[in-house]
Amino acid sequence: MDLLRFITAGSVDDGKSTLIGRLLYDSKSILADQLEALEKQSRNKEDGEIDLALLTDGLRAEREQGITIDVAYKYFSTPKRKFIIADAPGHIQYTRNMVTGASNANLIIILVDARNGVVEQTRRHSIIASLLNIPHVVVAINKMDLVNYSEDVYNNIAIDYAEIAKTLNLKDVVYLPISALKGDNIVERSDKLDWYEGPTLLELLEQTELEKDVNLTHGRLPVQYVIRPQTEDVELHDYRGYAGKIVSGIYRKGDAVTVLPAGLKSRIKSVETGGKEVEEAFAPQSVVLQLEDDIDISRGDLIVKNDHQPRVDQELEVLLCWMDAKPLIRGNKYLLQLGSRVVRSVVKEIEYQLDVNTLEKNFAPGNIGLNDIVKATIRTASPLPFDSYRELRAGGGAVLIDETSYVTVGACMIQ
Amino acid sequence: MSTASKYQLDYLDQLESEAIHILREVAGQFERPALLFSGGKDSITLVHLALKAFRPGKFPFPLVHIDTGHNFPEALDFRDHLARTIGEKLIVRKVEDTIKARHLTEPTGKFASRNALQTYTLLDAIEEFGFDACIGGARRDEEKARAKERIFSVRDEFGGWDPKRQRPELWNIYNGKIRKGENVRAFPISNWTELDIWNYIRREQIALPSIYFSHEREVIGYEGQWVAVSPFIRLDPTDQVEVKRVRYRTVGDMTCTAAVESGASVIDDIIREITATRTSERGETRIDDKVSEAAMEDRKKNGYF
């Protein structure tokens with residue numbers, strides 16, 4: 001049994017919360033007392049039907065306003081897979097929340113209202129999926145019940161969307177017709193959609209192949225912590241273990257490695273997981289490495305395999321999603337965190353602002369504020385090892401932190 | 001199809017690796033962290049994960065128990081035994097002492113719970129030892145407000161959580177930078193469900209306090225729940241004390257944790273029962289969450305775990 005993290009993109013109007021509610025409800029992940037609470041709340045509303053959307057709105061303000069503000073995480077499993085849903089709001093003023101939810105997702109469900117077809121919001125969500133490099137895209141054409149389950153409507157939307165997918169270079173795109181409200185094609189197959197022969201949404205989620213999503217060729221291990229038992233025990237006296245989570249690649253005993261940014265070379269003396277020595281370990285395992293040579297390594301260093309090394313530089317080109325209410329100001333200094341490494345940095349240039357609805361580039365942007373996405377050049381105070389986000393998600397995503405408030409203010413996808 | 005290849009991690013291994021990563025981030029980013037230990041299965045799982053994260057070294061943090069004085073004796077014995085066995089430091093701070101020192105008002109009623117008063121003792125302990133990060137065993141599947149809390153959750157000097165001012169948390173980057181007075185609650189098992197915990201406990205053969213398994217106990221029935229007879233609850237003339245075979249699904253205070261009628265005496269039986277049950281963990285066993293829809297959100301805003 002493995003694990004799939006996915007994000008649902010759409011707004012209340014598209015039936016996003018209803019879709020999640022339906023998935024949980026039909027896969028029997030909602031328990032009796034939760035259902036009872038739901039019924040109680042639904043009764044306060046006008047129509048009396050159980051409002052599955054209420055399941056996902058966790059904060060009081062959200063329930064009061066009937067909207068999702070923040071990313072909520074939901075869990076369910078089937079005998080085949082465990083699923084983690086990042087339920088993120090879809091409106092443009094919550095772009096940063098969607099970017100946050102998308103950062104860890106293997107798959108995105110893009111909801112399209114069958115009555116409206118591909119709209120601005122569909123484009124925006126697809127652009128974000130592309131920027132964040134989500135490997136799998138499911139285009140769920142919802143509210144099929146309101147268009148008489150028409151195959152033509154479905155086909156036309158799929159044709160329209162294929163254009164977007166092509167422009168954005170989205171790799172694995174799958175379409176399916178659903179009605180979240182009626183439960184058509186979510187968990188149960190629908191006889192009203194008998195012209196559709198593909199899998200239901202749940203089947204799709206269970207069958208999406210995840211193996212290739214993990215990079216096993218580019219060895220990257222950010223050192224989080226150095227384990228030194230410091231005991232009198234003779235065997236452990238010289239023990240020095242570099243603890244971290246392998247973000248990509250495979251590490252074996254005897255492998256030649258380089259420690260960046262210093263560029264020191266050594267070989268792996270032992271690989272340990274859970275306190276036991278193993279022959280090899282791979283992403284995304286948490287491990288402890290011991291090296292043959294006694295070299296100076298501390299938190300923030302990156303242990304890489306000698307083949308496929310990352311770049312080490314002090315200047316990075318990034319796509320930057322701004323996440324703070326205070327504007328981004330060119331020339332301001334921020335802390336940049338990538339993996340376990342934190343360096344001081346300055347935003348040197350802002351090349352253009354990206355219109356997240358149209359992909360148009362504005363080369364003379366005004367103020368850069370919350371939710372804006374720009375192409376920028378960042379200079380770091382010391383050399384930083386990094387990968388291109390598009391090639392290696394785990395090695396090319398960084399955050400910017402305000403030096404005075406310590407708030408996370410930006411997400412960088414390194415080019 | 002998801003055929004298991006040599007280089008694919010099982011979901012429990014993925015959750016384990018993520019939790020170890022978070023524990024090591026706490027160790028790497030903070031000066032004085034602590035692991036909040038309650039004696040319940042979630043914090044016992046945390047200790048097991050910490051062993052995997054830091055052995056053969058010592059834990060870079062002590063275990064801290066905020067003792068309400070209303071705990072199950074079995075859980076306290078287990079706590080002391082575990083700390084001794086692994087040779088790590090255990091700090092206990094008592095709500096009783098805070099009540100006396102700060103002249104707090106004890107709650108009253110049939111099931112007078114010190115649950116809310118724990119926050120005072122916790123904040124005092126944070127100040128006493130200068131803890132800048134407290135690791136907790138909260139899970140997002142437990143409750144709707146928890147579903148929205150970050151893995152590194154920044155709290156103000158009152159321990160308060162402001163859901164509207166949460167930091168975005170992307171990829172596997174945890175921003176633990178804090179200003180003076182602030183501290184962080186870190187939740188390594190945020191993404192685990194109750195069933196994940198039990199499956200992990202079974203796989204790793206983690207020992208648990210005996211009250212998690214079927215045993216005979218004197219209980220009274222209260223609104224469809226079984227509450228253990230103890231000096232901490234008020235027995236009324238109308239209460240009927242019965243002896244039932246029960247087990248606990250969560251271990252909190254004797255005043256606010258209800259037992260489940262069960263004959264399950266081994267983990268396999270418990271997992272079978274939980275898989276079949278139609279009631280959530282908090283719904284079945286917590287007397288304190290039923291008060292209002294936003295009970296947990298409010299407690300967190302006030303500094304609760």
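1. Let's start in a loop of chain A. A:N148 sits between strand β5 (136-142) and helix α6 (151-168) of chain A. This is a predicted model, so please read every value here as computed from it. A:N148 is worth a look for its backbone: phi is positive, about 55°, although the residue is not a glycine. Is A:N148 buried or exposed? With a relative accessible area of 68%, A:N148 counts as exposed, because the cut-off for that class is over 50%.

2. A second residue makes a good companion to that one. A:Y406 is not a glycine, yet it has a positive phi of about 65°. You will find A:Y406 in the loop between β22 (397-402) and β23 (408-414) of chain A. Its relative accessible area is 23%, which places A:Y406 in the partly exposed class. Keep A:Y406 in mind, as the name comes back when we reach the contact between the chains.

3. Now look for two cis peptide bonds. In chain A, one joins A:L260 and A:P261, with omega about 10°. A:P261 belongs to the loop between β11 (256-260) and β12 (264-273). In chain B, the bond from B:R55 to B:P56 is cis, with omega near 10°. Where is B:P56 found? The loop between α2 (41-54) and β2 (63-67) of chain B holds it.

4. Next, the two chains as wholes. Chain A has seven helices and 23 strands, while chain B has nine helices and 10 strands. Of the 415 residues in chain A, 60% are buried; for the 305 residues of chain B, the share is 64%. You can also ask how far along the sequence the contacts reach. Take the contacts between residues at least 6 apart in sequence: in chain A, 70% of them join residues at least 24 apart, and in chain B the figure is 74%.

5. How many residues does each chain bring to the contact between them? Chain A gives 85 residues and chain B gives 65 residues. About 6,300 Å² is buried between chain A and chain B, and carbon and sulfur atoms give 55% of that area. On the chain A side, A:Y75, A:Y225 and A:Y406 lose the most area to chain B, together 10% of what that side buries. Here is A:Y406 again, the residue with a positive phi of about 65°.

6. Turn to the inside. In soluble globular proteins, nonpolar side chains tend to be buried together. The largest nonpolar core here has 147 residues, and A:F6, A:L132 and A:Y161 touch the most other members. Helix α1 (residues 11-29) of chain B contributes the most to this core, with nine residues. There is also a second, separate core of 22 residues, with A:V318, A:L328, A:L338 and A:A376 among them.

7. A:F6 deserves a closer look in your viewer. Setting aside neighbours within four places in sequence, A:F6 is in contact with several residues, including A:L23, A:F76, A:F83, A:I109 and A:L205. Try A:S130 as well, which lies in helix α5 (residues 120-131) of chain A. A:S130 is buried, with a relative accessible area of 10%. Leaving out neighbours within four places, A:S130 is in contact with A:L168, A:L170 and A:R390.

8. Some empty space is left inside too. Rolling a probe the size of a water molecule over the atoms shows where such space remains. The count comes to seven cavities of 30 Å³ or more. The second largest holds about 70 Å³ of space. Which residues line the second largest cavity? From chain A come A:V399 and A:T408, and from chain B come B:F152, B:R167, B:P168, B:E169, B:L170, B:I173, B:Y174 and B:N175. By class, this lining has six nonpolar, two polar and two charged residues.

9. One last stop, again in a loop. B:K180 is found between β5 (152-155) and β6 (183-186) of chain B. B:K180 is exposed, with a relative accessible area of 87%. How many residues apart in sequence are B:K180 and B:E157? They are 23 residues apart in sequence, and 8.5 Å apart in space from C-alpha to C-alpha.

Notes: Residues are numbered from 1 along each chain as its sequence is written. Chains are lettered from A and ligands numbered from 1 in the order in which they are written. This is a predicted model: local features need pLDDT of at least 70, side-chain atom pairs count only at pLDDT 80 or more; totals for chains, interfaces and linings use all residues. Side-chain values use heavy atoms; hydrogens and water are left out. On a 1 Å grid over the protein atoms alone, a cavity is a set of points where a 1.4 Å probe fits but cannot get out, and a pocket is an open set with protein on both sides within 12 Å along at least five of seven lines; lining residues have an atom within 4 Å of a point. Grid points are joined across faces, edges and corners, and a volume is the space filled by probe spheres set on the points. Ala, Val, Leu, Ile, Met, Phe, Trp, Tyr, Cys and Pro count as nonpolar, Asp, Glu, Lys and Arg as charged, and the others, Gly among them, as polar. A nonpolar core is a set of buried Ala, Val, Leu, Ile, Met, Phe, Trp, Tyr and Cys residues joined through side-chain atoms within 4.5 Å. Buried means under 20% relative accessible area, exposed over 50%, partly exposed in between (1.4 Å probe, protein chains only). Helices (H or I, at least four residues) and strands (E, at least two) are DSSP runs, numbered from the N terminus. Contact means heavy atoms within 4.5 Å. Buried area is the accessible area (1.4 Å probe) that two parts lose on being put together, summed over both.
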